[in-house]
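Subject: Structure handover

Hello,

Here is the structure I said I would pass on. Please look through it before reading the notes below.

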Amino acid sequence: MVYLQAVTSDLIYKYLETGLASYQQHYLHLWKNQDPNPYVTQNFTSEIVTQELTDPNIENFLVKVDDATIGIVKLIRNKALDDYDANSSLLIQKIYLLHEHSGKGYGHQLIGLLETHAKKLKKKVIWLGAMKKGNALRFYLKNGFTIHGESKLELPNAIDEERPMWILTKML
């Protein structure tokens, strides 16, 4: 059974370790010379995560099965999207599972947990960005998300043909 554990200051290292490992397993192909440093330096440092822990609009979680950490999630509690105001919208900014735990149904359970969490927060829509290429898009569509619009990975050193993204939404 999948569950979420809120990241606290004593779990930052585990969050960083798991997030970096899962990101490198799934997304190195996006970067010139397979160097994700532009993304890592803006997302996976202890200073950044420590600062995020003080922001009431950000929630960081370890994704757990039994005692094992299998991934991470980062949520932005109030993030507007087009016609959806911030109070009714929850952004799933990161949802990364370690490769060895993919394909076991954990992702589907995780989406259910995030939907339940969003409903408790009285959200009407959850949304995220997904690369146009790759397995993630199929996974999200299979789990009830729909294509809302287009976006693009804007970080320096990303490979141009890998930049296109979809914005996906799921009504609650």
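The notes below cover the sheet, the helices packed on it, the nonpolar cores and one loop residue.

Please keep in mind that this is a predicted model.

The sheet

The sheet is open and is built from 7 strands with mixed pairing. Across the sheet, the strands run in the order E1-E2-E3-E4-E5-E7-E6. Strand E1 (2-6) and strand E6 (146-152) form the edges, each pairing on one side only. From one strand to the next, the twist averages 30°.

At one of these edges, E6 pairs with strand E7 (residues 164-171) in the antiparallel sense, over 6 bridges. Within this part of the sheet, Lys-152 is found opposite Pro-164 in E7.

Helices on the sheet

Two helices to look at are H4 and H5. Helix H4 (residues 106-120) packs on the sheet and touches E1, strand E2 (58-65), strand E3 (68-76), strand E4 (89-97), strand E5 (125-131) and E7. The direction of H4 makes about 55° with that of E1. Helix H5 (residues 135-142) also packs on the sheet, where it touches E4, E5, E6 and E7. Its direction makes about 15° with that of E7.

Nonpolar cores

The largest nonpolar core has 23 residues. Those touching the most other members are Val-73, Ile-92, Ile-95, Tyr-140 and Phe-145. Two or more residues come from each of E2, E3, E4, H4, E5 and H5. H4 gives the most to this core, namely 5 residues.

Tyr-140 is a useful place to start when viewing this core. Leaving aside neighbours within four places in sequence, Tyr-140 is in contact with Ile-95, Ile-111, Leu-128, Ala-130, Phe-145 and Leu-168.

There is also a second, separate core, made up of 21 residues. Among its members are Val-49, Met-131, Leu-153 and Ala-158.

A loop residue

Ile-159 sits in the loop between E6 and E7. Is Ile-159 buried or exposed? Its relative accessibility is 21%, so Ile-159 counts as partly exposed; the cut-off for buried is under 20%.

Which residues does Ile-159 contact, leaving aside its neighbours within four places in sequence? They are His-29, Leu-30, Trp-31 and Lys-32. Ile-159 and Trp-31 are 128 residues apart along the chain, yet 5.4 Å separates their C-alpha atoms.

Regards

Definitions and conventions
Residues are numbered from 1 along each chain as its sequence is written. This is a predicted model: local features need pLDDT of at least 70, side-chain atom pairs count only at pLDDT 80 or more; totals for chains, interfaces and linings use all residues. Side-chain values use heavy atoms; hydrogens and water are left out. Two strands pair if DSSP finds at least two bridges between them. Helices (H or I, at least four residues) and strands (E, at least two) are DSSP runs, numbered from the N terminus. Axes are lines fitted to C-alpha atoms, for helices over the stretch in contact, and angles run from 0 to 180 degrees between N-to-C directions. Contact means heavy atoms within 4.5 Å. A nonpolar core is a set of buried Ala, Val, Leu, Ile, Met, Phe, Trp, Tyr and Cys residues joined through side-chain atoms within 4.5 Å. Buried means under 20% relative accessible area, exposed over 50%, partly exposed in between (1.4 Å probe, protein chains only).
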